[in-house]
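Me: I'm new to this structure and would like a close look at one part. Please start from a single residue and lead me on from there to the helices and what they pack against.

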Amino acid sequence: TLDDFCDAASETREWVIPLFLERGERMLLVAGEGIGKGVLLRQLAVAAGQGINPFTLRKHQPPVRTLLVDLENPAAIIRRTVERMLLAAYRDAADTYDPGRVSIWHEPAGVDLRSPVDFARFDSVLAHTRPDLVCLGPLYKAFRKQRGESDEDAAQDMTSRFDDLRARHGFALVLEHHAPKGGGGSRELVPFGSSVWQRWPEFGPALSPHPKNRDRQRLLWTDWRGPRDTRPWPTELAWGPTWPWTFTWEHGMPDVGDQLAGF
């Protein structure tokens with residue numbers, strides 16, 4: 001019964017990023033090219049893996065195991081941005097720092113998770129690293145559409161595969177994806193391709209240049225879809241002196257201190 005279903009639930013919440021993301025949830029981050037969404041995914045993986053909340057940048061969460069899946073960027077570019085984050089993480093969490101909690105699967109040519117070989121490889125990586133949080137991007141290089149196949153069918157198959165892996169391995173999933181090109185200087189910040197991607201995730205943040213700072217060192221955080229639960233998402237991002245991205249909120253940084261009971 002529905003009463004049994006509610007009674008069986010734990011009163012604690014299984015936070016992967018306290019106050020922002022719980023185990024099993026899906027986020028699809030959308031933005032234009034070169035705006036820094038890939039760097040943000042690296043920050044989520046590195047910070048959460050060392051017990052630092054990636055949004056507040058404060059050490060007030062137990063560390064989790066994270067997996068960064070980079071399907072596009074050259075190794076040298078990843079190293080340059082990640083080394084800065086590792087130094088910041090060690091400075092902020094030296095007493096508990098453990099490099100074994102953050103892993104990377106680097107496939108710059110992309111993969112096809114709809115193929116049996118690549119799906120099995122990813123499944124094996126997940127079984128080996130046992131992540132609580134997977135940050136993967138870009139989405140368009142994670143699978144291929146077959147000749148004559150519709151975008152809808154390809155996306156439906158891919159979301160089913162992600163859901164299968166998420167259910168079996170128990171991780172929260174953050175994907176980054178491109179917005180479609182617009183005309184007349186405008187651009188709609190929704191996921192490129194099938195509308196399946198718009199219906200699928202729990203959270204759909206969008207990043208766009210701040211109108212008062214178009215050099216992309218200051219961004220707006222908005223939603224391209226309504227969230228399935230209330231979370232205190234930030235309103236702006238700015239390029240930071242230590243961590244690449246720092247965040248601000250309209251009504252001040254949220255208090256995460258009482259949200260750790262789920263660990």
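Reply: Let's begin with T248, bearing in mind that this model is predicted. Setting aside residues up to four places away in sequence, T248 touches P234, T235 and E236. T248 belongs to strand β11, and because its relative accessible area is 41%, it ranks as partly exposed. For a sense of scale, T248 and F119 are 129 residues apart in sequence, and their C-alpha atoms lie 38 Å apart in space.

From strand β11 we can step into the interior. Which residues touch the most other members of the largest nonpolar core? They are I17, F55, L133 and W243, in a core of 43 residues. Strand β11 (245-248) is one of the elements that give two or more residues to this core, and the others are β1 (15-17), β3 (26-31), α2, α3, β6 (133-137), β7 (172-178) and β9 (218-223). Helix α2 gives the most, with 8 residues. In soluble globular proteins, nonpolar side chains tend to be buried together. I17 lets us see some of this core from the inside: beyond its neighbours within four places in sequence, I17 is in contact with L44, A48, N53, P54, F55, Q61 and L133. A further core lies apart from this one; it has 32 residues, including L139, A179, V190 and A206.

Now for the helix that gives the most to the largest core, α2. Is helix α2 mostly covered or mostly open? It is mostly covered, with 13 of its 13 residues buried. From its first C-alpha to its last, α2 reaches 18 Å, close to the 18 Å expected for its 13 residues at 1.5 Å a residue. Just after α2 comes G51, which takes a positive phi of about 80°.

Helix α2 has a partner in helix α3. Two packed helices are described by the angle between their axes and the distance between the axes. Here the axes of α2 (residues 37-49) and α3 (residues 75-92) come within 10 Å and cross at roughly 40°, and the crossing is right-handed. On the α2 side, the contact is made by V39, R42, Q43 and V46, while α3 brings I77, I78, T81, V82, M85, L86 and A89. Sorted by class, this contact has 8 nonpolar, 2 polar and 1 charged residues.

Helix α3 itself has 18 residues and reaches 25 Å from its first C-alpha to its last, close to the 26 Å expected at 1.5 Å a residue. Its buried residues are I78, V82, M85, A88 and A89, and the buried residues of α3 pack against α2, β4 and β5 (102-106).

Another good place to look is G137, in strand β6. With a relative accessible area of 6%, G137 is under the 20% cut-off, so it counts as buried. Its C-alpha is 9.1 Å from that of K37, although the two are 100 residues apart in sequence. Leaving out neighbours within four places in sequence, G137 is in contact with L41, V69, D70, L71, E72 and E176. The peptide bond from G137 to P138 is cis, with omega near -5°, and P138 sits in the loop between β6 and α5 (151-169).

That bond leads on to two further residues with notable backbone angles. Most residues other than glycine have a negative phi, and most peptide bonds are trans. L57 is not a glycine, yet it has a positive phi of about 60°. You will find L57 in the loop between α2 and β4 (66-70), where it counts as buried because its relative accessibility is 19%. R130, also not a glycine, has a positive phi of about 50°. R130 is in the loop between α4 (116-129) and β6, and with a relative accessible area of 52% it is exposed.

One last stop is S160, in helix α5. Is S160 buried or partly exposed? It counts as partly exposed, because its relative accessibility is 39%. S160 and W200 are 40 residues apart along the chain, and their C-alpha atoms are separated by 10.0 Å.

Definitions and conventions
Residues numbered from 1 in each chain as written. Predicted model: local features only at pLDDT ≥ 70, side-chain atom pairs only at ≥ 80, totals over all residues. Heavy atoms only, no water. Axes fitted to C-alpha atoms, helices over the stretch in contact; angles between N-to-C directions. Helix = DSSP H or I, 4+ residues; strand = E, 2+ residues; numbered from the N terminus. Left-handed = near helix turned anticlockwise from the far one by under 90°. Contact = heavy atoms within 4.5 Å. Nonpolar A, V, L, I, M, F, W, Y, C, P; charged D, E, K, R; others polar. Core = buried A, V, L, I, M, F, W, Y, C linked by side-chain atoms within 4.5 Å. Buried < 20%, exposed > 50% of the residue type's maximum accessible area, 1.4 Å probe, protein only. Expected span 1.5 Å × (residues − 1).
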